[in-house]
Amino acid sequence: EPAQRLQELDLVVGRVTAVDAHRGARGPSVLLDLALGPRGPAQAPVPVQLDDGRALVGSQVVCAIGSDDVAVLAVRSHAGVVLVHPARDVEDGSPVA
């Protein structure tokens with residue numbers, strides 16, 4: 001059942017605190033420094049240009065937490081990559097259900 005599978009994912013809201021160039025990436029990419037509330041800091045790559053990444057500082061994004069990595073959820077469209085984010089500010093580290 002899709003609803004049950006969604007609950008099995010560890011999805012939380014993180015705040016972008018800094019952005020750096022993702023050196024060695026094959027295409028345009030940045031590394032986001034994220035504040036995940038009680039889970040502490042994390043870093044995750046996203047496939048966007050550096051200027052677009054810098055514009056994300058202070059915003060919130062939806063993150064999938066793995067055993068040893070974090071992925072930022074995004075939508076790929078013909079217009080480019082759009083990161084998934086809450087419609088309004090919530091506490092960093094809030095679970096997504």
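**Salt bridges and fold of a predicted model**

Student: What is the relative accessible area of Asp10?

Tutor: In this predicted model, Asp10 falls in the class between buried, under 20%, and exposed, over 50%. Asp10 is therefore partly exposed, and its relative accessible area is 30%.

Student: Which side chain meets that of Asp10 in a salt bridge?

Tutor: Side chains of opposite charge can pair when their charged atoms come close. For Asp10, the N to O distance in the salt bridge is 2.9 Å, and the partner is Arg39.

Student: How many residues apart in sequence are the parts that Arg39 and Asp10 tie together?

Tutor: Asp10 belongs to the loop between helix 1 (2-8) and strand 1 (11-21), whereas Arg39 belongs to the loop between strand 2 (30-35) and strand 3 (41-46). Arg39 is itself partly exposed, at 44% relative accessibility. Because the two residues sit in these separate loops, the pair joins parts whose separation in sequence is 29 residues.

Student: Which residues are linked with Arg15 in a network of salt bridges?

Tutor: One salt bridge of Arg15 is with Asp92, at 3.2 Å from N to O. Arg15 lies in strand 1 and Asp92 in the segment after strand 7 (80-83), so this pair ties together parts 77 residues apart in sequence. Asp92 is partly exposed, with a relative accessible area of 22%. The network that includes Arg15 also contains Asp89 and Asp92.

Student: In which helix do Arg54 and Asp51 both lie?

Tutor: Arg54 and Asp51 form a salt bridge whose closest N and O atoms are 3.8 Å apart. Arg54 is partly exposed at 48% relative accessible area, while Asp51 is exposed at 60%. The two residues are 3 apart, about one turn of the helix, and both belong to helix 2.

Student: What pattern does the protein follow when read along the sequence?

Tutor: The protein has 2 helices and 7 strands. Read along the sequence, these elements give the pattern α-β-β-β-α-β-β-β-β.

Student: What radius of gyration does the protein have?

Tutor: The C-alpha atoms fill a box of roughly 35 × 30 × 30 Å along the principal axes. A compact globule of 97 residues would have a radius of gyration near 13 Å, and the value for the protein agrees: 13 Å.

Student: What share of the contacts with a separation of 6 or more comes from residues 24 or more positions apart?

Tutor: Contact here means heavy atoms within 4.5 Å. Among contacts with a separation of 6 or more, residues 24 or more positions apart account for 53%.

Note on methods
Residues are numbered from 1 along each chain as its sequence is written. This is a predicted model: local features need pLDDT of at least 70, side-chain atom pairs count only at pLDDT 80 or more; totals for chains, interfaces and linings use all residues. Side-chain values use heavy atoms; hydrogens and water are left out. Helices (H or I, at least four residues) and strands (E, at least two) are DSSP runs, numbered from the N terminus. The radius of gyration is taken over C-alpha atoms; the globule rule is 2.2 Å times the number of residues to the power 0.38. A salt bridge is a side-chain nitrogen of Lys or Arg within 4 Å of a carboxyl oxygen of Asp or Glu. Buried means under 20% relative accessible area, exposed over 50%, partly exposed in between (1.4 Å probe, protein chains only).
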